[in-house]
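Work through these exercises with the model open beside you. Try each task before reading its solution.

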Amino acid sequence: MNYTFNITKVEKSAIHEFDFDNIPFGKVFADHMFMADYIDGQWTNLTIQPMAPISTHPANMAWHYGQAIFEGMKASRDAEGNAFIFRPEMHAQRFNKSAFRMNMPQMPEDLFMQAVHTLVSMEKEWIPKQEGSAMYIRPFMYATDHSIGIKVSNTYRFIILVLPVGPYYNHPVKLLAQDKYIRAVVGGVGEAKAAGNYAAAMYPTTLAKEAGFDQVVWLDGVEKKYIQEVGTMNIFFVINNEILTPALDGAILDGITRNSLITLFKDQGYKVTERRITIDEVMEAGKNGNLTEIFGSGTAAVVAPVSTLQHNEEIVELDTNNRPISLWAYETINGMRNRTIEDKFGWLSPAK
Ligand code: COI
């Protein structure tokens, strides 16, 4: 189906005020956003409008009871300036899985795709060409009934923001595995990209940051033994030349970069295993020298090398100047995005 969007353009673009040589992550937005409302069982008010604050009723249910989900994907440009979006259909599908789990309405995949494509095409001059930079695309949905009292909202708003971003991490990441706080349990909402998952991670992450780490590596909520993910990214280990990543169990985000890396590694002939991985075996492999790389994967983080992992009193330090596997993965994903490496799996969707 072809949807009609009501488009209002800014009088003057802010792009000339933006410093493409100093691109922060998440602070500066392109000129326009997409917006739609879910009312009486239909998506309506489909608009592209100038990026600006919106007013919300103080009893807006998302603020009180947390029905709020989001996605994160990226667009890039080739040397000729053509814009491409990385695996948008996977993000549309994951968005709807999150919506289902949070008892929110489905967003028709064709509407999601048309909105993303139209907005990215309109804003393609905002896509940075600098190494490690991209346009970040943030679709999100939240409950909009105003009501005090817990119930499923009948109305929702869907918005897409687009913003030029630099690297999420500009240094190797230091991780803390701790046993006190948990992120998710099987049967909970860990695999949904629900806003509350990120809220729940804030306090333990603040404690980890105060102790000199960048992030927490989450352990399973029952035995506090099995590694799940980092919260800002999925996690991979290279032990005895085998690439390991925790198997998806419902408590871990089904990362699209994770999925892409597994495909790329297998295609390159690496042994890749998705299974339950204990923190003890990783620390042990670190001690005996069999652990050669740890890295995170995510839309924002891309492929982020880990320099330090601490669990209780044990610390593993890794030489991030010697990380052939994660460096290859980073360069391959980035090369595909800027079209200097063949898009062998058809992951890039030309913005239209
Ligand atoms: C992403 O990688 O897109 C995320 O949503 C994670 C967040 C740290 C920005």
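**Exercise 1. Which residue in β3 does F34 stand opposite?**

Solution. This is a predicted model, where local features need pLDDT of at least 70, side-chain atom pairs count only at pLDDT 80 or more, and totals for chains, interfaces and linings use all residues. Residues are numbered from 1 along each chain as its sequence is written, and side-chain values use heavy atoms, with hydrogens and water left out.

- Step 1. Find the strands. Strands (E, at least two residues) and helices (H or I, at least four) are DSSP runs, numbered from the N terminus. β2 spans residues 32–39, and β3 spans residues 42–50.
- Step 2. Check the pairing. Two strands pair if DSSP finds at least two bridges between them. β2 and β3 run antiparallel and are joined by seven bridges.
- Step 3. Read off the partner. F34 faces I48 in β3.
- Step 4. Look at the turn. Two residues separate β2 and β3 in a hairpin, and D40 in that turn has a positive phi of about 50°.

**Exercise 2. Find the partner of F34 in β8, then decide how covered β2 is.**

Solution.

- Step 1. β8 covers residues 156–165 and pairs with β2 in the antiparallel sense, over five bridges.
- Step 2. In β8, F34 has I160 as its bridge partner.
- Step 3. Apply the burial cut-offs. Buried means under 20% relative accessible area, exposed over 50%, and partly exposed in between (1.4 Å probe, protein chains only). Seven of the eight residues of β2 are buried, and the strand is mostly covered.

**Exercise 3. List the residues around the ligand and pick out polar atoms that approach its oxygen atoms.**

Solution.

- Step 1. Use the distance rule: a residue is near a molecule if one of its heavy atoms lies within 4 Å of it. The residues around the ligand are F70, G72, Y136, R138, Y168, K193, T232, T299 and A300.
- Step 2. Take the side chains. Y136 places a polar side-chain atom 2.5 Å from a ligand oxygen. For K193, a side-chain N or O atom is 2.8 Å from an oxygen atom of the ligand.
- Step 3. Take the backbone. A polar backbone atom of T299 is 3.4 Å from an oxygen atom of the ligand.
- Step 4. Judge the cover. On its own the ligand has 280 Å² of accessible area (Shrake-Rupley method, 1.4 Å probe). The protein covers 91% of that area.

**Exercise 4. Is β12 enclosed or open, and which strands pair with it?**

Solution.

- Step 1. Count burial. β12 is largely enclosed by the rest of the structure, because five of its five residues are buried.
- Step 2. Sort the directions. E242, L244 and P246 point one way, I243 and T245 the other, and all are buried.
- Step 3. Take β11 (234–239). β11 and β12 run antiparallel, with three bridges. I239 has E242 as its bridge partner.
- Step 4. Take β13, residues 271–275. Here the strands run parallel, over five bridges. L244 stands opposite T273.
- Step 5. Inspect the β11–β12 hairpin. N240 in its turn has a positive phi of about 50°. N241 lies in the loop between these strands. Its phi is near 65°, a positive value in a residue other than glycine. N241 counts as exposed, at 60% relative accessibility.

**Exercise 5. Is H311 buried or exposed, and which side chain does it contact?**

Solution.

- Step 1. H311 is found in β15, residues 302–311.
- Step 2. H311 counts as buried because its relative accessible area is 6%.
- Step 3. The side chains of H311 and D179 make a polar contact at 3.2 Å. Within protein, such a contact is a pair of N or O atoms within 3.5 Å, one able to donate a hydrogen and the other to accept it; residues adjacent in sequence count only if both atoms are side-chain atoms.
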